[in-house]
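Biologist: Can you walk me through this model? Short answers are fine.

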Amino acid sequence: MKKIYLMAAATMLAAQMQAQGVILDTYIGAQLATEDLNGTARYVGMGGAMDALGADISTMSTNPAGIGLFRHTQVSGSFGLVSQSDGKSFQDGSKTSASFDQIGVVFSTRSGMHSYLNFGFNFHKSRNFNHVLSAAGKAIDGSSQNRQTCIKGVRGDLDTNYGMSQVDELYMKVIENEDGSVSYYDALDWNFNRAQTGYIGEYDFNISGNINNRVYLGLTFGVRDVHYKSYTEYDEQLMTADGAIQPVGLRDDHKITGHGFDFKAGIIVRPIEESPFRIGASVASPTFYKLTTKNITSIHDAVGMLKEVSSDADFRFNTPWRFGLSLGHTVGGSLALGAGFEYADYSTNDMRTITGSGRDWQGYYYENSSTEQVTKRHTERTLRGVSTLKLGAEYKVDPMIAVRIGYNYQSPIYKESGVRDQTLLTSSTYMASTTDYTNWKETHRLMAGVGFTLDQFRIDLAYQYSMRNGDFYPYQNGLSAQYISDATGLTETITNNCAPVSVKDNRHQLLCTLSYSF
């Protein structure tokens with residue numbers, strides 16, 4: 001057992017930060033900006049490699065020109081199950097959950113002898129947040145979350161114009177002494193559980209067509225709504241001054257809601273008139289989000305709750321541009337082959353503070369916002385460009401039955417040196433109600449599917465298995481500070497270390513699409 005007293009500046013008790021100018025941090029932004037592979041069962045079963053093949057409603061959000069290959073009006077809906085193979089049920093989070101994934105319609109109209117003008121609408125879940133994350137570890141040399149707050153106080157990271165972070169404000173109930181000093185307690189171990197639920201829904205409106213079955217063009221306007229919820233429990237076993245074991249833990253209930261919009265454009269070309277070989281290209285603008293974050297966070301000991309804090313604030317967030325290239329080819333009427341590549345630079349994620357609002361001379365409401373430069377530089381150091389490779393094939397056993405396989409690879413979004421820096425002098429730090437982070441590595445997805453056609457009806461089934469590993473940290477590793485010891489009068493160094501814990505996110509998805517063409 002070890003107990004060290006450190007004198008803290010009175011300004012550690014800085015006032016709570018106001019909602020004005022609030023943003024969230026790099027790691028929250030990464031979750032909001034990334035997308036899952038989801039849509040119709042045919043699209044998923046082929047690994048998403050249909051951007052040049054087209055004639056599938058899911059291409060509306062990846063290459064809008066793919067809708068230009070429809071020759072009939074079609075209505076479709078998709079639903080299924082998602083199961084986390086390495087997860088466990090916790091709070092509202094469940095290992096397995098049902099999901100309504102897609103519904104849409106394409107209206108196809110002839111505009112010439114060999115040309116069509118098509119209109120479409122499609123809803124799909126671009127992001128499914130349902131996930132349970134659990135991790136535990138032994139404390140290194142007694143390191144702990146309460147020591148982290150103590151070190152930040154000694155460093156002066158709590159003495160800012162922004163105010164004290166929510167986590168630090170709560171841990172002050174543990175480390176603050178009556179004489180104005182602070183003290184930390186060694187931890188024996190820690191345990192972490194989080195249940196995430198919710199989704200990002202994407203509503204796409206498309207206009208597309210083709211010119212003599214050689215050139216296909218498409219535009220999509222998308223509206224997105226965000227429904228993110230997480231509940232976190234973080235617990236430490238602390239060694240008190242008298243040698244007793246004292247459990248201390250945080251409970252965080254966090255929600256993010258809001259909406260955004262984007263634009264997408266695409267083209268598909270058949271360069272050789274006699275050949276079905278196609279080349280596609282697409283571009284998607286950033287999604288421009290207006291979001292609200294709400295949280296209720298509390299700290300507990302063995303007796304009960306010591307203190308509770310909450311916050312409610314608005315902010316803006318812009319995702320990166322996305323660019324895609326694709327190839328498609330059919331052999332006879334039985335074999336279809338697709339390949340695609342997509343790139344998005346997530347280091348350009350843009351968290352923006354709302355700097356003012358008002359009404360113009362016509363009475364319309366407006367808001368001004370600006371990039372938070374400290375968070376921007378941290379995002380550039382933490383995230384990177386992500387490449388996505390899509391490969392897929394479909395073979396028709398006969399006119400009524402088709403089988404499909406696919407593979408999808410996504411490179412890591414986080415740099416190996418990425419860290420959730422809790423010393424940044426920005427509202428993203430002081431708005432934080434948790435301190436953990438996971439540096440996820442590359443994602444591999446394997447798919448298989450089958451489709452059955454009966455007159456104008458079609459049933460498609462798909463199975464997707466996605467795999468990714470990550471390094472989990474309960475708080476920033478290696479934070480240190482120097483102080484003058486009351487006992488010796490000498491300058492000493494206090495450090496807080498934590499080793500990463502390997503975690504997995506392996507998922508199974510079963511998907512069914514029902515469609516009708518006329």
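Biologist: Charges first. How far apart are the mean positions of the positive and negative charges?
Modeller: They are 6 Å apart in the protein chain. That takes in 45 positive and 53 negative charges. Keep in mind that this is a predicted model.

Biologist: Noted. What about the surface, how much area is accessible?
Modeller: The accessible surface comes to about 21800 Å². Carbon and sulfur atoms account for 57% of that.

Biologist: And what share of the residues is buried?
Modeller: Buried residues make up 56% of the 518 in the chain.

Biologist: Overall dimensions? What does the C-alpha trace span?
Modeller: About 90 × 55 × 35 Å along the principal axes.

Biologist: How does the radius of gyration fit with a compact globule?
Modeller: It agrees. The chain has 26 Å, and a compact globule with 518 residues would have a value near 24 Å.

Biologist: Which secondary structure elements are there, and how many?
Modeller: Six helices and 26 strands.

Biologist: What do the contacts look like along the sequence?
Modeller: Take contacts between residues at least 6 apart in sequence. Of these, 74% join residues at least 24 apart.

Biologist: Now the inside. Which residues touch the most other members of the largest nonpolar core?
Modeller: Tyr171, Val174, Val226, Leu291 and Phe317. That core holds 62 residues. Helix α4, residues 166-175, gives the most to this core, with six residues.

Biologist: Why would nonpolar side chains gather like that?
Modeller: In soluble globular proteins, nonpolar side chains tend to be buried together.

Biologist: Pick Val174. What is it in contact with, beyond its neighbours within four places in sequence?
Modeller: Asn146, Tyr185, Leu238, Val248, Ile299 and Leu306.

Biologist: And which residues does the second core include?
Modeller: Ala41, Tyr43, Met46 and Ala336 are among them. This separate core has 11 residues.

Biologist: Backbone next. What is phi of asparagine 212?
Modeller: Near 55 degrees, a positive value in a residue other than glycine. Most residues other than glycine have a negative phi.

Biologist: Where is asparagine 212 found?
Modeller: In the loop between β7, residues 187-211, and β8, residues 215-239.

Biologist: Why does asparagine 212 count as partly exposed?
Modeller: Because its relative accessibility is 47%, and partly exposed lies between the 20% and 50% cut-offs.

Biologist: What about phi of asparagine 213?
Modeller: Also positive, about 55 degrees, although asparagine 213 is not a glycine. Its place is in the loop between β7 and β8.

Definitions and conventions. Residues numbered from 1 in each chain as written. Predicted model: local features only at pLDDT ≥ 70, side-chain atom pairs only at ≥ 80, totals over all residues. Heavy atoms only, no water. Helix = DSSP H or I, 4+ residues; strand = E, 2+ residues; numbered from the N terminus. Rg over C-alpha atoms; globule rule 2.2 N^0.38 Å. Buried < 20%, exposed > 50% of the residue type's maximum accessible area, 1.4 Å probe, protein only. Contact = heavy atoms within 4.5 Å. Areas by Shrake-Rupley, 256 points an atom, 1.4 Å probe, with all protein chains shown as cover. Lys, Arg positive; Asp, Glu negative; His and termini not counted. Charge placed at Lys NZ, Arg CZ, Asp CG, Glu CD. Core = buried A, V, L, I, M, F, W, Y, C linked by side-chain atoms within 4.5 Å.
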